[in-house]
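Please open the model in your viewer and keep the selection panel at hand. The tour goes from one selection to the next, with a short account of what is there.

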Amino acid sequence: MTPPPPTSLSAAPLRFHLLASAIRPSFPPKCRPVAARNLSIRRRFRSSCAFAAHSPPPSADSQASRLQRWDTLTARFAGASNLPFLLIQLPQILLNYRNLVSGNKAALLAVPWLGMLTGLLGNMTLLSYFAKKEEAEAILVQTLGVVSIYVVLGQLAMAEAMSLPYFAAISVLVVSGLVLNFVNYFGWLHKGMWQLWEDFITVAGISVLPQVMWSTFVPFIPKSILPGTISCIIAVGVIILARLGKLSDRILKFIRSISGWTATLLFMWMPIAQMWTTYLNPDNIKGLSAFTILLGMIGNGLMIPRALFIRDLMWFSGASWASFLHGWGNLACMYYFKSISWKFFLGATLSLFIWTGIAIWRDTKAYGYSSPMISLRELVSGT
């Protein structure tokens, strides 16, 4: 997913995260099915494998097999989300290229580089979140988002639609972020260096989110940089206190999770900004691409099963929000204003709701639960 500026739907919404680690070798090979990183999932796997090692009943083997198949499928679904996210950004890149070749640099002024930069920061933050958890499919999605936005920013710099010094600074950020995440993914990075990077993206996320939310409602509220400035000062102060050891372990754990949530909330704010813009100027809905919105809905929908399977509330919240509000919600607005046909809207509606229902049902069956509410309760509680 390569996100657009906060008030645009021209790019993909969210993308997200986590894979499986091998279960300890002391378990029998046939009992090494699904190695999810979530601690509660690993506990269930270990207990089922230990039970299977002593005359396993057919039901235990059957459940382990279902978990393994569902683990593999959800990972493939998350990996497949790269295709719609790639297709979303390619038209913009190709259009910019044609305008550059023809010498029509003024056309690129319509692409706001600050909005693209916001999306890049969101992708970079989520990339670090997923790299830390070693979720390969989500890492690929976020890396694709970072690279595609960087290509667009490079085109804007070539068209002089953004300052070269700004682009140079962004280039350093992108290269450093990709290298650090790659090195950390393979365990080659010093822990202190990674903490510095996490502190940086935490401050950046906390600073950008309230500023974007404030800017959405300008000119109904005064234009100001105070929200971002105040949030930045608070974030820096909290990071300093954390480094000085003045905060409890519980607060430290919360701070380490903030960066991922701020990026997710930033992406979740985009459909609200778009709907607010549509409410103010209904005629603008004709300028939205239903195909682009549909691709974003598909990409995020493909990640819902994986997020549910590994019990990652942040990923599930972001992917579901983007699918139902950013995707289906905006398609509903387009249908209301007669910008798309009822057949298109009905097909998208049925596909999304049926897909989500199947994902929840399959997850419930894979874990052997009697009700989908148990899976959803574990998702919320993290157990």
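Begin by selecting helices α6 and α7, which pack at an angle of about 135 degrees with their axes 11 Å apart. Because that angle falls in none of the parallel, antiparallel or perpendicular ranges, α6 counts as oblique to α7. Please keep in mind throughout that this is a predicted model. The crossing in which α6 passes α7 is left-handed, and the residues to display for the contact are Leu173, Gly177, Leu180, Asn181 and Asn184 on the α6 side, with Met193, Trp194, Trp197 and Phe200 on the α7 side. Sorted by class, this contact of α6 with α7 has 6 nonpolar and 3 polar residues, and no charged ones.

Keep α7 (residues 191-216) in view and add helix α8 (residues 226-243), which packs with α7 at an angle of about 155 degrees, the two axes being 7 Å apart. Since angles over 145 degrees count as roughly antiparallel, α7 and α8 are therefore roughly antiparallel to each other. Their crossing is right-handed, and the residues that make the contact include Leu196, Val203, Ile206 and Trp214 of α7 as well as Leu226, Cys232, Val236 and Arg243 of α8. The residues of this contact of α7 with α8 divide into 11 nonpolar, 7 polar and 2 charged.

Next, select helix α10 (residues 290-309) together with helix α12 (residues 342-366), where the packing angle is about 10 degrees and the axes lie 9 Å apart. α10 and α12 are therefore roughly parallel to each other. Among the residues that meet here are Leu294, Met297, Pro305 and Phe309 in α10, and Phe344, Leu352, Trp355 and Asp363 in α12. By class, the contact of α10 with α12 has 14 nonpolar residues, 2 polar and 1 charged.

Which spans does the UniProt annotation "transmembrane region" cover? According to that unreviewed entry, they are residues 106-131, 138-158, 164-188, 200-218, 224-242, 254-273, 285-303 and 343-361. Select residues 254-273, a span that is 100% helix and 0% strand, with its end C-alpha atoms 27 Å apart; then select residues 343-361, where the chain is again 100% helix and 0% strand and the end C-alpha atoms are 27 Å apart.

Finally, turn to the aromatic rings, of which a search of the whole structure finds 18 pairs. Tyr150 and Phe167 form a stacked pair, 5.3 Å from centre to centre and with 15 degrees between the planes. This pair links distant parts of the chain, as Tyr150 lies in helix α5 (residues 136-158) and Phe167 in helix α6 (residues 164-185), 17 residues apart.

Note on methods
Residues numbered from 1 in each chain as written. Predicted model: local features only at pLDDT ≥ 70, side-chain atom pairs only at ≥ 80, totals over all residues. Heavy atoms only, no water. Axes fitted to C-alpha atoms, helices over the stretch in contact; angles between N-to-C directions. Helix = DSSP H or I, 4+ residues; strand = E, 2+ residues; numbered from the N terminus. Parallel < 35°, antiparallel > 145°, perpendicular 65-115°, else oblique. Left-handed = near helix turned anticlockwise from the far one by under 90°. Contact = heavy atoms within 4.5 Å. Nonpolar A, V, L, I, M, F, W, Y, C, P; charged D, E, K, R; others polar. UniProt positions renumbered as here; feature names shortened; annotations may be inferred. Phe/Tyr/Trp six-rings, centres within 6.5 Å; stacked < 30°, edge-to-face > 60°.
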